[in-house]
Amino acid sequence: MRKTLVVGTLVASVAVGGFSLGRLTQLERVQAELPPQSAPARPAGLPSFVSLAPQVSPAVVHIKVVTLERTDFQHGRGFPPGPFGGPQPRFRSPFPFPQAESRPQRGSGSGFIVRQDGLILTNNHVVENAKQITVVLADETEYRADLLGGDAKTDLAVLKIKPTAELPVARLGDSDALRVGDWVLAIGNPFGLSNTVTAGIVSATGRTIGAGPYDNFIQTDASINPGNSGGPLFNQYGQVVGINTAIFSRSGGNIGIGFATPINQAKALMPELEEHGYVTRGWLGVSIQSLTRDLAESLGMDAAVGALVADVVDDSPAQQAGIRRGDVILGYNGREVSASSDLPILVAETRVGETVPVELSRRGRRETLSVTIGELAEERRARGAVVDQGEWGLAMRDLRPQERAQAGLNAGEGVLVSGVRPGSPAARSSVRSGDVILEVNRTPVGSVQELETALAKAQPGRPLLLLLQRPNGASHFASLSAE
């Protein structure tokens, strides 16, 4: 099965912050140690990729994923396909089934090796909720992979394998240097057809497609289909400039409009994803909107550029610095803000606690304010949710009030399992995303903090006993043995 994620008519194929450039030392060192490569001269006419394709293809991998899909026969799911390709009629049972079951579902995507020690970059939607991840190299060698970290907002994920031989490594380029009309090469596994090579040009850069708050896509007409997700987009010098992520399609197949995440964005995220498993993003605390010509004129501006501040959050970094509703932000930390979509990306890239200059227009006059950037609250909640990933392979978060009510739990009961690392003790004991942990070693827990305290009291070398509540309401004990 090749999953597809549909956003309107955008199809992300699988089968689509605190970005700190100062933390790229290891990656930059590895890239610098690669043997020298002679860059071909820029071609005057249509290029041939005969020499380039076999040179870069070995670093591209096929990613096979096994997930568990919950099947609830009470609601008519789980029946075989109908004779015309659709599901059979939804028969509803006259009495409720107390149990729901999970069945394995298989998906596939692409990725590429960025370091000799087995670090692999792909799309988050290729591997999220995976129970098992297998990486297949170009020579058909297979490895089990661990998910080190993923970021849904930019759809990026970092995997790790333990290689038994020397690995080919993809060279990372500079996506900021791309120009509309540049030739690009996409390599991946569309429809399971390994190492498929397609070529096209850069159709646009900086595309906003509504996929998230940090949209900044490279648009290309290189053929991208289900299964290409997570694969590299190469420039004509054999350097990765993007990660193929989504396509615009009404049928699910390629029509010449594909989108790739810029590699510079990925390079900035990778260190945090590898080290922590999540991304820390800066927070300014403003609501912004695009500036039209009429708005610009009414605000005393000569051109419709910048991000118009529609609102300022109370006690936010913006309010503390003196930013007001009606201001137009024109520059941030020395970078130009030409459109409202530029600002969220620039703020997200800023370290929490860093003080940056913000240039703005207020009633037709230019001012520069100093703002000390805070941490995005939802990122802080997500970070606090990750618990003991190393030993047990669990990612946790506090239950929201409505989730607790839906599960029939009282206030102060339960912690939600938000993720399970493939191959970990939790995965081996059949702990799944969506389970609620009620007890740890017979101690009730009702928050991430209480769960951390209970884990800290666990005796080394002894199994960890969890009492779970499944999504169907059934109770279940799980015994986890440390790796």
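**Helix α4, helix α11 and two aromatic pairs**

Good morning. I begin just past the end of a helix: α4 is followed by glycine 277, whose phi is positive, near 90 degrees. Please keep in mind throughout that this is a predicted model.

Let me turn to α4 itself. This helix covers residues 263–275, and its 13 residues, at 1.5 Å a residue, should span 18 Å. The C-alpha atoms at its ends are 19 Å apart, which agrees with that expectation. The helix nevertheless has a kink of about 35 degrees at leucine 269, shortly before proline 271.

How many of the 13 residues of α4 are buried? The count is 10, so the helix is largely enclosed by the rest of the structure. The buried residues include Leu269 and Pro271, which I have just mentioned in connection with the kink. Among the others are Ile263, Asn264, Gln265 and Glu272.

Helix α11, residues 448–456, is my second topic. Here Val448, Leu451, Ala454 and Leu455 are buried. These residues cover an arc of only 120 degrees around the axis, and therefore lie on the same side of α11. Which residues are exposed on the other side of α11? They are Gln449 and Ala456.

I come now to the aromatic residues. The structure holds 2 aromatic pairs. In one of them, the rings of phenylalanine 49 and tryptophan 183 have their centres 6.3 Å apart. Their planes stand at 65 degrees, and because an angle over 60 counts as edge-to-face, that is the description given to this pair. The two partners come from distant parts of the chain, 134 residues apart. Phenylalanine 49 sits in the loop between α1 and α2, whereas tryptophan 183 belongs to strand β11, residues 183–188. With a relative accessibility of 16%, phenylalanine 49 counts as buried. Tryptophan 183, at 24%, counts as partly exposed.

Phenylalanine 217 and phenylalanine 259 also form an aromatic pair. This pair is edge-to-face, with 6.2 Å from centre to centre and 70 degrees between the planes. Phenylalanine 217 lies in strand β13, residues 217–220, and phenylalanine 259 in strand β16, residues 258–262, so the pair ties together parts that are 42 residues apart in sequence. Are these two rings' residues buried or exposed? Phenylalanine 217 counts as buried at 7% relative accessibility, and phenylalanine 259 counts as buried at 5%.

Thank you for your attention.

Key. Residues numbered from 1 in each chain as written. Predicted model: local features only at pLDDT ≥ 70, side-chain atom pairs only at ≥ 80, totals over all residues. Heavy atoms only, no water. Phe/Tyr/Trp six-rings, centres within 6.5 Å; stacked < 30°, edge-to-face > 60°. Helix = DSSP H or I, 4+ residues; strand = E, 2+ residues; numbered from the N terminus. Buried < 20%, exposed > 50% of the residue type's maximum accessible area, 1.4 Å probe, protein only. Arc of directions from axis to C-beta. Expected span 1.5 Å × (residues − 1). Bend = angle between axes of the 7 residues up to and from the residue.
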